[in-house]
Structure formats: C-alpha cells, structure tokens
Amino acid sequence: MTGKSDSWGKGNLGLDRTAFVRHHPSELMMRALFAGRYSGVKLDIGPDTRVLDMGAMYLNNLVPFHDRGAQCFGVEINDDMAAISREAADIQGLSVDVRTGSNRAIPHEDGVFDVVLGLNVIHYEDDTVGLRAALAEYARVTRPGGLAFVISAGPRHYLRANAERLGPNRYRITDGDFRTGQVMAYFDSLDDLSVLALEAFDSVTPGRSLEEHADAEIEFYYAIAMKAG
Ligand SMILES: C[S@@+](CC[C@H](N)C(=O)[O-])C[C@H]1O[C@@H](n2cnc3c(N)ncnc32)[C@H](O)[C@@H]1O
C-alpha cells in the first residue's frame, strides 16, 4: 500500500473530533443515472440490482440505490476506511457489504455487478497505467449489459486548478488539504476519459459539469461506460 492510500483515515477526515453527519448523494450522479433527461440513461433499479461503490466512504452515493431495494456493496482502500463505511451503514440503517480493496484489485468475482460507481476515486491512481488498470478492473466486475459510472476532477476543479502537470495523466497537487504534494492521475481532457474508458468498455457517454462560486470553482468530468449485453 502506498502513502497516498494510507493518508485516508479518521485523522485526516477530522472524524476524531466530530459526530457523524449524513452526507448526500452526488447530484451529478442523480442527473446522469436516474433522470433520463440528461445523459439518456435512466436506471431501472430493484431487488435484483447489484451495485458496487468504489471508495464508498460514507455510503452516501449508495443511498439512492438502497432506497430502491438494490443489493449494495462498497470497497474502501484500507481497513480504517472500511470501518468508517461500516459505521456509516450502522448509523444510517443501511445494509451494505463493505470490503477492503482498491481500484486495481476489487475483491469480487468477474461480471457480478449491474452498476459500478467510481466517484472521485479513480484519480488516486498515479498515472495512465493506473487509470487503464482501474478501468479494466471496473469492467471485469461489471456484468454484460451493465455499466460503470466514473467521475473525476476537471481542470477547473479547485484542487486541480493549480496542480503542476508532470506528464500525461500526472498532476501534483500544490495547494489543498492533506493531499497537498500528492500525485493524482487526472484525465487530461474529457476525450481522454472517453478514449481510455473505451479500451475497457464497449460504449461511453461522457459528460461534464462546472460550478462557479464566489470563492472556488468545481468542475467534473464523467463517463457512463457500458458493456454490451
Ligand atoms: C474524495 S473521496 C470520495 C468518496 C465518495 N466516493 C464520494 O464521492 O463521496 C475518495 C475515496 O476514495 C478512497 N480511495 C483512495 N484511494 C483509493 C484507491 N486507490 N482505490 C479505491 N479507493 C480509494 C478513499 O478512501 C476515499 O473514500
């Protein structure tokens, strides 16, 4: 395990000092996967749906699936983070199978998930090789006819905006939080995300969001990467 993986835990998240506060599902995910109007995708979720959330943390992005009766699974990078996820499940009354693993080593069989979520987690890889390996691993556990939904920071995201570009898909964060100094594997463009995702999946629907606020901007790229049925 690298230092970057070890940096995730209660200390850096400030959980030693605070009581649990519920987090909310990604609005971008809700628009992209549940609405039908924006991306053309409107998931049909029921008790047979199996959903895996990579970097599941507080399980907030699994809640809309859990509400619809889906079987929910989470993966976290180390045992401390997995414990945080399990605690979040207990407090919120969520039934979620949480395991320790990583983008490139998912502790599940091939082709068992209808939906694989990777929200702001794939860029914790180091470079293009890591991104390719992560996308291939997401595809491995996705069933034929299933999809993976990947979100990552775009160029105007406040954490990435001042990052130093070291080479293709390699950026060092220069001003942020505990991640300052860490190297992130960001997608160089939205096309770059589509091209890399298409190496592992059969079709890709990309999207982008940008919010401009008084003090910071936040931009995301996303890809809905589908496996043919
Ligand atoms: C920015 S948080 C995002 C949490 C959640 N997915 C969300 O969007 O609200 C990044 C998450 O990825 C996890 N993580 C870090 N490196 C990872 C890796 N190499 N593979 C899988 N998960 C990782 C962290 O522990 C953390 O939970």
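## The S9–S10 hairpin

Strands S9 and S10 are joined by a hairpin of four residues. Here, helices (H or I, at least four residues) and strands (E, at least two) are DSSP runs, numbered from the N terminus. S9 covers residues 203-212 and S10 covers residues 217-226, and the two pair in the antiparallel sense over 10 bridges. Strands count as paired if DSSP finds at least two bridges between them. If you would like one pair to find on screen, look for Glu211, which stands opposite Ile218 in S10.

Two notes on reading the model will help. This is a predicted model, in which local features need pLDDT of at least 70 and side-chain atom pairs count only at pLDDT 80 or more, while totals for chains, interfaces and linings use all residues. Residues are numbered from 1 along each chain as its sequence is written.

## A three-stranded open sheet

Another set of strands forms an open sheet of three, in the order S6-S7-S8 and with antiparallel pairing. Its edge strands are S6 (164-167) and S8 (183-184), each of which pairs on one side only. S6 meets S7 (residues 170-172) over three antiparallel bridges, and one pair to look for is Gly167 with its bridge partner Arg170 in S7.

The loop between S6 and S7 holds Asn169. Its phi is near 60 degrees, a positive value in a residue other than glycine. Asn169 is buried, with 23 other C-beta atoms within 10 Å. The burial scale works like this: a residue is buried if 20 or more other C-beta atoms lie within 10 Å of its own, exposed if 12 or fewer, and partly exposed in between, with C-beta atoms placed from the backbone.

## Parallel strands S1, S2 and S3

S2 pairs in the parallel sense with S1 (residues 50-54) over five bridges, and S2 and S3 also pair in the parallel sense over five bridges. Arg50 has Gln71 in S2 as its bridge partner, while Glu76 is matched with Thr100 in S3. S2 is mostly covered, with five of its six residues buried.

Val96 sits in strand S3. With 22 other C-beta atoms within 10 Å, Val96 is buried. Leaving aside neighbours within four places in sequence, Val96 is in contact with Leu59, Leu62, Cys72, Phe73, Gly74 and Ala89; contact means that the C-beta atoms of two residues, placed from the backbone, lie within 7 Å.

## Helix H5

H5 takes in residues 79-92, and at 1.5 Å a residue its 14 residues should span 20 Å; its end C-alpha atoms are 20 Å apart, which agrees. That expected span is 1.5 Å times one less than the number of residues in the helix.

Which residues of H5 are buried? They are Met81, Ile84, Ser85, Ala88 and Ala89. Seen down the axis of H5, these buried residues fall within an arc of 140 degrees, so they line one face of the helix. The arc is that of the directions from the helix axis to the C-beta atoms. What covers them includes helix H2 (10-13), strand S2 (71-76) and strand S3 (96-100). On the other side of H5, Asp79 and Asp90 are exposed. Just after H5 comes Gly93, with a positive phi of about 65 degrees.

## Helix H6 and two loops

H6 runs over residues 128-141, and its 14 residues should span 20 Å at 1.5 Å a residue; the end C-alpha atoms are 20 Å apart, in agreement. Its buried residues are Leu131, Ala134, Leu135, Glu137, Tyr138, Ala139 and Val141. They pack against S1, S4, strand S5 (142-153) and helix H7 (190-200).

Asn120 lies in the loop between S4 and H6. Although Asn120 is not a glycine, it has a positive phi of about 55 degrees. Asn120 is partly exposed, with 18 other C-beta atoms within 10 Å.

Pro107 is in the loop between S3 and strand S4 (113-119). Pro107 is exposed, with 11 other C-beta atoms within 10 Å. Pro107 and Val141 are 34 residues apart in sequence and 9.4 Å apart in space, C-alpha to C-alpha.

## Around the ligand

Of the 16 residues around the ligand, Trp8, Gly55, Met57, Leu119 and Tyr124 come nearest. A residue is near a molecule if its C-beta atom, placed from the backbone, lies within 6 Å of it. The shell divides into eight nonpolar, seven polar and one charged. In this scheme Ala, Val, Leu, Ile, Met, Phe, Trp, Tyr, Cys and Pro count as nonpolar, Asp, Glu, Lys and Arg as charged, and the others, Gly among them, as polar.
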